[in-house]
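User: I should like a close look at a single strand of this protein and its surroundings. Please describe how that strand is placed and what lies around it.

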Amino acid sequence: MEEMFDQISPRYDFLNHLLSFQIDKIWRRKAVKILGHYKPATILDVATGTGDFAIVAARLNPQRITGIDLSEGMLKFGRKKIHKKSLESLIELRKGDSENLPFSAASFDAAIVGFGVRNFENLKAGLSEIYRVLKPGGAFIVLEFSKPRNRFFRSFYFFYFTRILPWLGGLVSKNSRAYSYLPESVQEFPDGDNFVRILEAVGFAKCRWFPQTFGIATIYEAQKPKNEG
């Protein structure tokens with residue numbers, strides 16, 4: 001997995017925006033707007049990739065944002081973007097495993113994951129780690145691809161997702177496996193209420209989900225209970 005993302009890192013941002021028709025930018029802004037209600041001072045961006053979610057979250061004016069990812073290739077490009085936007089004093093990107101976070105318990109006011117939870121090798125283990133490092137009352141916001149509910153749109157979408165996207169992604173990135181993996185991982189991911197049930201099993205409360213753009217993606221909102229140590 002790490003090697004695959006290292007290989008596609010030079011074209012990752014370009015392809016994300018191209019293949020989502022730039023809508024991924026709107027989804028991130030909506031997710032950060034929800035996060036803004038919690039007024040977090042410290043934010044952890046898990047599976048940060050090239051730092052897009054962390055950069056948008058900087059609009060909330062927190063004290064510190066820490067991004068973590070397994071792919072040094074992705075982090076390299078993320079650091080360049082952060083430098084270009086003069087955000088080095090606010091955002092730090094570190095290499096690390098989402099299922100073994102190198103932070104003490106109750107270290108962050110909020111955690112975010114953008115298009116990364118479906119890549120967790122052990123979903124429940126990764127979510128449990130995020131729960132551990134959140135302070136009581138801390139917010140958890142997830143933005144992830146999902147399966148459209150509308151039958152007609154679903155057919156059209158999966159034709160694009162399984163035929164056009166892997167071909168175009170492979171053509172530009174020179175790694176066809178990475179973009180055939182994407183639709184496979186979305187198909188397997190337990191989205192909607194199924195994901196909420198997993199969040200609740202880990203311990204999260206006040207879990208809600210908000211489908212975006214006909215259900216292509218979903219924003220999930222959850223909170224670590226305030227009385228939880």
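Analyst: In this predicted model, helix α6 (residues 123-133) lies across β1 (42-46), β4 (108-114) and β5, and runs at about 145 degrees to β5. Helix α9 (residues 193-202) also packs on the sheet, where it touches β5, β6 and β7; the direction of α9 makes about 155 degrees with that of β6. The strand chosen here is β7.

The sheet itself is open and mixed in its pairing, with seven strands in the order β3-β2-β1-β4-β5-β7-β6. Its edge strands, β3 (91-95) and β6 (205-212), each pair on one side only. From one strand to the next the twist averages 15 degrees.

Within that order, β7 stands between β5 and β6. On one side, β7 (residues 217-223) pairs with β5 (residues 134-145) in the antiparallel sense over seven bridges. Ala217 of β7 is the bridge partner of Phe145, and Glu221 of β7 stands opposite Ile141. With β6, the pairing of β7 is again antiparallel, over six bridges, and Tyr220 of β7 stands opposite Trp209. These two strands, β6 and β7, form a hairpin with four residues between them; in the turn, Thr213 has a positive phi of about 50 degrees.

In a regular strand, side chains alternate between the two faces of the sheet. In β7, Ala217, Ile219, Glu221 and Gln223 point one way, while Thr218, Tyr220 and Ala222 point the other way. Seven of the seven residues of β7 are buried, so the strand is largely enclosed by the rest of the structure.

Terms used. Residues numbered from 1 in each chain as written. Predicted model: local features only at pLDDT ≥ 70, side-chain atom pairs only at ≥ 80, totals over all residues. Heavy atoms only, no water. Pairing = 2+ DSSP bridges. Axes fitted to C-alpha atoms, helices over the stretch in contact; angles between N-to-C directions. Contact = heavy atoms within 4.5 Å. Buried < 20%, exposed > 50% of the residue type's maximum accessible area, 1.4 Å probe, protein only.
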